[in-house]
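Work through the exercises below with the sequence and the coordinates at hand, and try each task before reading the solution under it.

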Amino acid sequence: MVPVQNPLGFYYRPDDLHYSQADLHHWLGVLRNLQIHWLVLRGSLERAVPREFIQGLQLAGVEPFIHVPLDLQSLDLQCIESQLANYAEWNIRYTVFGDRPNQRGMWKPSEWARGGLVDQFIDKFLPVWTAQARFGFRPVFPALEPGGDYWDTAFLQSCLKSLQRRGRSDLFQTMILATYAWTYDRPLDWGIGGPAAWPESKPYHTPQGSQDQRGARIVDWYASIASEITGSALDIFVLAGGVHPDNRRTSDQETQAEIHASLARDVLMSEYSDNLLGFCFYSLSAGADKKYIGWYDSELASSKSAESLERLMLAAPETKSVSSPIKPIAHYLLLPTRTDLDLSANWRGIEPLVMALKPTIGFSPEEARLARQVILIGESDAYPANCEHELREQGCAVRRFEDLESDEILLALPELTAGKPTNTGADHV
């Protein structure tokens, strides 16, 4: 049986240039039809992913995962903190900075040659993870190159041990391991079971007849390493996976489709990994340079892999239950937009609610749709026509307080602060 939440997703594009409203509307139909839950959005330190694009995805029930693939030479903590502040305000829940730090090309030549690479990496990234936690994000370990110039499993193991030695085991409570899960033209079960199943495989050496982590089951190896060091298997997010981009140009499209369908089926049936947070195929659309083959072209024509995934999702109607939008905001106080209303005169009545719930406050019905509960103040004509109805249609629980001079808000606070279910029907106070 397919699980309630579809853990599949896509890496959107290999660039950070296509975030207009036209781009959003162009792809939303595809994402909805496939009931896609995740979309990895590539950003940069110079340019954040636009808020409007992010909110459009959230309203459609798609969870954005921001990837800023900076190298170790361009890590700027001040810029990172600035972006984290913005993304937190926009109700983004997942961000990852960095990319393949076990590759020589991600380092200054002098730093790579200096030795003590793991401790250098931890010195650079510990402030990043600390900042993520401070802004309410889960710290995410950047994806490593499978194998890599510095063998990825050895790099990961040494990094986790370094954090432990430094007394930062607290990060393990919420840390996510980002990974690349390419098949490399190997069977989908290559390396299944991790190091316990293939004890003869060592860093830089895979004996004949043995298997290693360089395949779709890389998650088994990372989970085993994390469990051994931290005492529990950390959540794993496959940032990009499937047939490697370089192989997609040369291998048979029908064969690729069979591989991707089998991999998607394993993920949907929870037969891939117990601690999988999400699995994103690469990539939804190709870059302008046509270097990679996307699952869909610019005209939304689907590849063989996309057609196989479409058929798989049509044959799994249970996934259609995953249709409610993500609601990253707990409470939203939607203030009236009528210019003739004096909010300052009624603030004393509103203030207890604000202090108790600490809601997001604004004038935007569009933003309010991202909230699980929306609180309205005053008569119905203080808001745009059909505003309340449309909020309920978007799955928001709506509570209205009309008489701010009474004690109705004070009487309702125990219920609101206790987080009890709110009537989603007509509920005027």
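The exercises that follow concern a predicted model, and each one is a task with a worked solution.

**Exercise 1. The buried side of helix 14**

Task: Determine which residues of helix 14 (residues 408–417) are buried, and find out which elements they pack against.

Solution: Begin with the accessibility of each residue, where buried means under 20% relative accessible area; in helix 14 this gives I409, A412, L413 and L416. Seen down the helix axis, these buried residues fall within an arc of 135°, so they line one face of helix 14. The general background is that an α-helix has 3.6 residues a turn, so residues three or four places apart point the same way. Next, turn to the face directed away from the buried side, where the exposed residues L411 and P414 are found. Finally, collect the packing partners of the buried residues, which are strand 9 (329–334), helix 11 (347–357), strand 11 (371–377) and strand 12 (397–401).

**Exercise 2. Helix 11 from the other direction**

Task: Carry out the analysis for helix 11, asking which of its residues are buried and which exposed residues its opposite face carries.

Solution: The buried residues of helix 11 are I350, L353, V354 and L357. Around the axis they cover an arc of only 100°, which puts them on the same side of helix 11. The face turned away from that buried side carries R348 and M355, both exposed. As for partners, the buried residues of helix 11 pack against strand 9, strand 10 (360–362), strand 11, strand 12 and helix 14. One backbone detail completes the description: K358, just after helix 11, takes a positive phi of about 50°.

**Exercise 3. Two nonpolar cores**

Task: Establish how many residues the largest nonpolar core has, which helix contributes its largest share, and what F141 touches.

Solution: The largest nonpolar core has 82 residues, and those with the most contacts inside it are L41, F121, W129, F141 and F279. Its largest share, nine residues, comes from helix 5 (residues 117–134). A second core of 27 residues is separate from this one and includes I329, L353, L376 and V398. Taking F141 as the example from the largest core, and leaving out residues up to four places away in sequence, one finds that F141 touches F121, W129, F155, L156, C159, M175, I176, L177 and A178. As a general tendency, nonpolar side chains in soluble globular proteins are buried together.

**Exercise 4. A helix pair**

Task: Describe how helix 9 (residues 253–268) and helix 10 (residues 304–314) pack, and classify the residues of their contact.

Solution: Start with the geometry: the two helices pack at an angle of about 35°, with their axes 8 Å apart, and the crossing of helix 9 and helix 10 is right-handed. Then list the residues that meet, which on the side of helix 9 are Q253, E254, Q256, A257, H260, A261, A264, R265 and L268, and on the side of helix 10 are K304, S305, S308, L309, L312 and M313. Sorted by class, this contact has seven nonpolar, five polar and three charged residues.

**Exercise 5. Backbone details in loops**

Task: Locate the cis peptide bond that involves S283, and state where N91 and Y184 lie.

Solution: The cis peptide bond joins Y282 and S283, with omega about -20°, and S283 is found in the loop between strand 8 (276–282) and helix 10. N91 is not a glycine, although its phi is positive, at about 65°; N91 lies in the loop between helix 3 (77–89) and strand 4 (94–97). At 15% relative accessibility, N91 counts as buried. Y184, also a residue other than glycine, has a positive phi near 55° and belongs to the loop between strand 6 (176–182) and helix 7 (218–230). With a relative accessible area of 22%, Y184 is partly exposed.

**Exercise 6. Two glutamines**

Task: Is Q55 buried or exposed, and which residues does Q211 contact?

Solution: Q55, in helix 2 (residues 51–59), is buried, with a relative accessible area of 16%. Apart from residues up to four places away in sequence, Q55 touches E367 and L370. Q211 is in the loop between strand 6 and helix 7 and counts as buried at 17% relative accessibility. Leaving aside neighbours within four places in sequence, Q211 is in contact with D189, W190, G191, W198, S201, T206 and W221. The C-alpha atoms of Q211 and S201, ten residues apart along the chain, are separated by 6.7 Å.

Methods
Residues numbered from 1 in each chain as written. Predicted model: local features only at pLDDT ≥ 70, side-chain atom pairs only at ≥ 80, totals over all residues. Heavy atoms only, no water. Buried < 20%, exposed > 50% of the residue type's maximum accessible area, 1.4 Å probe, protein only. Helix = DSSP H or I, 4+ residues; strand = E, 2+ residues; numbered from the N terminus. Arc of directions from axis to C-beta. Contact = heavy atoms within 4.5 Å. Core = buried A, V, L, I, M, F, W, Y, C linked by side-chain atoms within 4.5 Å. Axes fitted to C-alpha atoms, helices over the stretch in contact; angles between N-to-C directions. Left-handed = near helix turned anticlockwise from the far one by under 90°. Nonpolar A, V, L, I, M, F, W, Y, C, P; charged D, E, K, R; others polar.
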